[in-house]
Amino acid sequence: MLRRFLSITLLLAHLLVPGLALTAQPRQSSNLPGTNPWGAFLDDTHGMAIALAQQETGIHMRGNQAQELPTFARWCAEENLNGTLSERFHQLQALTQARIEILRIGQVLPTSNNLGGHGQTSDVTSPPVTLKSESEYLQQEQIVVTNTRDDGEGSLRVAMEAAEKASGNRTIVFRLGKTDPGFNPENGTWVIRPIKGYYLTTNGTLVDGFSQKEFGGDTNPAGPEVVIDVNAMQFVPIPNRKFIIYSVFQIVSGDRNWVRGFSFIDTNPNLFGSESGPFDVYGDVIPSTDAAIGNLFTDNYVGLSPDGERYVGFFGGPIAVAGSQETVFEKNIICTRFDLLFQGLSPQFALLGFPTSIKNIARNNYFGTNAKGSKRLSPPTYDRDADSLANPSVSISSRTSENIIENNIITGNRSCGIGQVNPGTRFNLVGGYSTIIRNNRIGIGPNGENIAPDPTEPENARAVGIAASAGDQVTGNVIANFGGSGISLRTLAPPVTGSPFPPTMVSNNQISNCGVGIQAVQVGAATISENRFSNCSKGGIVLGDRIFDASTGTRFEVTDPFGVATRNISLSRNRFENVSGPGIALTSEVANVFGNNYRPNTLTERAPNGPNLFQPSPVLTSALRNQDGSVTVTGRTGDGGKLELYQSSRPAQPTAPETEINAYGLGTFIQSADVSSGPFTVTIPAGMASGMTAVTATLTVADQTSEFARTVEVQGSQPEPDTVPPTVSVTAPAAGQTIESKAGTQLGIVWQSSDNVGVVRHDVWLARPGPGAVDNIASGLAGTAQSFTWNVPENLEVPQAQIVVMAFDAAGNQGQGASGMFIVKKPNTPPPDTEKPVVSNVTLSAKKVKRKIDPTLTITWKSTDNIGVVIHDLIFADVTPVVSGLSGAMQSFTWTVTPNIPKKTTGTIKVTARDAAGNVGEAASGVLAVQ
């Protein structure tokens, strides 16, 4: 697994030591003696650079040192380092330290917020990606591969180099003949053995393995015709880039490239598997934020024999890392030591400005199986610690988010099927978040085959189907045959201050033949609903606050590493069948759930210890079937809260001791009710209670849900089926009544209904003339309701209206009654106002105004209107405004004659009155002289 992180980390080393010349090296074991250089990097960047130099030159590697020394000598010559091996190495150390200091002083690292932090906005914005259609790719100019050599005219390498240099898009096609030395007539495949991998930084290239079948026929009906054997591959630098390439196809900042129709194998029998991968996707290098967007990898075999039935050796699957955005892995068959990795960045790299890794998709693939998805093909050996990421088949790690994993068949042939992983201190990475995991089959084949981890392997005792993290959506998955848990929830990263994790959703999953169905620890908010559990040996849903081993109940951690408490968990409508241990258990010490010391808690007060530390179960005392077929349940609770009633799949055992697990119910959700502390009575309607023989319940208080209560038996016989519909008679409104639909109009509707058992619901409708012309007025009125007040819509007009009331009983029978015909009409509209106001008696307090003595003048008048005057305007001598917009109630005005009126001006003062309809009336005074 160390090799899988080599690319990014060597990139950083190149930045620190710009003159470093990377040289291809024979593959060596990745196990280094002494201290772990990766741990050194996390504490000391300089130490990491030196450790990488050691690893690159092979000085401390196992194997033939003499073979590596010439490489180191060339390296030292390029750096002008002289003296003995030790002296040159110390010079290199000093040189590296100096360049680190220059870097620290002279370079300002980007302060982007590409940290994968929760609630943050990425600096890299990805426009919506539209993948090309197949026909668009196939219409591109073709570059033809005609032989299986690793270099030279007609080789795949030359074709890839031509595509890299091309100004436009290209499609690489295969035209291989059966006389080619790489052809294997036994299985109908052509084998290419590259010495180094291929890379693309351009856009829109299709590398089409399918084209060989179109050219030469279906020579391998079981799988791809073109096989790439990585046995001889070496690590080499990409020209003009600070990357090491170790995968077969590597996309660096290229968009919309497509690789399909290949088989990747490693035939070296001396290694545990290939140290290469089939394809990796990266963004660009420091300090660019150029992501690789919308690349596609489909219909490939990885680690399989040509017939798709055997594992033949391969170390790693594809990786989407550091700027891989909206990459699609689809319809591949992948069987390797780790099958697929969505990896973002650890904080150290994110600070250096790498693009984020988001919105990648894995769908319709088979992981760890044969080509039919029906058989587990685990690699022969694996080392959980050496492979570091806990070996989930599909891994989401290191600050990547919004990925989609859907419709895959997954063996979970290591520690888990789908893993939001946190390797802990080894690489100081944190898990992904907000991933959609839906509609996968994990541990179970397409026809129900058991393809889960081998139970004879001790590590598989605690294997889980899905290891999810904060903000994930886990829906519609089918999970089976895991000794640990079907689904494990745990927060795998510290929350950012002020930006809490989004809630985790786990719903509509089917979990069977597992230890615990769902275990959740250190989850700040989650909804677990509508899941189905069957044949789980250690419990249905178990919530705690520490990582635990579901097989033994042993706690792995003493403290919560990120300070996230398990709370705000909503549990509802989960179904349990043949689940041993507790159906739902909430405990601060998960070990109490397992083993002989488990004791169900049925007390109505909070217990100081035990599995119901957070919330004790309700106590059910009776369940009595009534004459109408409903069931009345009585009991008591220590706290008020939400009571959920279940039809129990276990019979009641009233005389069983409290330690008898099977006395506690499991079953199917029926209904919920809010109850207060103390005694309660809840009635289950007849239709929902039909066939019920036993009842159990849970209680939710302040986001904590209890386990199931002791089951009680339903007393009383099931009544005969009710086939009699209710009767209804509507007495109001009366026939011939007229309703005026003005604002605020209400109509009282009155009826009488009855039923041989009982009415449970009423609906009220307004019927109009014509088929189907009905409007719903009210729905779901109580069975006891006999009236309803209707707020008539304003300006509604129905010449022939009728009220229809429908009544329903618990058996679903319905009856109806209708009122007589009545009329709904619009309110009367008054005729328009055309009468104008009348103005009279316009008088002045003086006939002359001498402005130097007294410039004021009082004007009085009388104005009337059939409705009302709303405004007055006054004007002098037909040109000079006296006042405008005067209130309609005013009948006088004192005017201060303005200086702008010329001396010796004479004229009348006209008073104009207006009403709301705009009608105008006016009258004038006698002549006024202004001096």
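**Exercise 1.** Which backbone oxygen lies 2.9 Å from a polar atom of the side chain of T745? Work out the surroundings of this residue in the predicted model.

*Solution.* Start with the place in the chain: T745 sits in the loop that links strand 52 (738–740) to strand 53 (746–754). Next, look at the polar side-chain atom of T745: the oxygen 2.9 Å away belongs to the backbone of E740. Then widen the view to contacts, leaving aside neighbours within four places in sequence: T745 touches I739, E740, W790, N791 and V792. Finally, check the accessibility: the relative accessible area of T745 is 14%, and the cut-off for buried is under 20%, so T745 counts as buried.

**Exercise 2.** Find which strands stand at the edges of the open sheet with the order 61-69-66.

*Solution.* This sheet has three strands and mixed pairing. Strand 61 (848–849) and strand 66 (905–907) each have a single partner strand, so they are the edges, and one side of each lacks a neighbour in the sheet. Now follow one pairing: strand 66 runs antiparallel to strand 69 (residues 928–930), with three bridges between them. Within strand 69, L928 is the bridge partner of G907.

**Exercise 3.** Describe the open sheet with the order 64-63-67-68.

*Solution.* Four strands make up this sheet, and their pairing is antiparallel. Its edges are strand 64 (880–887) and strand 68 (920–924), because each has a single partner strand. From one strand to the next, the twist averages 15 degrees. To finish, take strand 67 (residues 909–915) and strand 68: five bridges join this antiparallel pair, and T912 stands opposite E922 of strand 68.

Technical notes. Residues numbered from 1 in each chain as written. Predicted model: local features only at pLDDT ≥ 70, side-chain atom pairs only at ≥ 80, totals over all residues. Heavy atoms only, no water. Helix = DSSP H or I, 4+ residues; strand = E, 2+ residues; numbered from the N terminus. Buried < 20%, exposed > 50% of the residue type's maximum accessible area, 1.4 Å probe, protein only. Polar contact = N/O pair within 3.5 Å; in protein donor to acceptor, adjacent residues only side chain to side chain. Contact = heavy atoms within 4.5 Å. Pairing = 2+ DSSP bridges. Axes fitted to C-alpha atoms, helices over the stretch in contact; angles between N-to-C directions.
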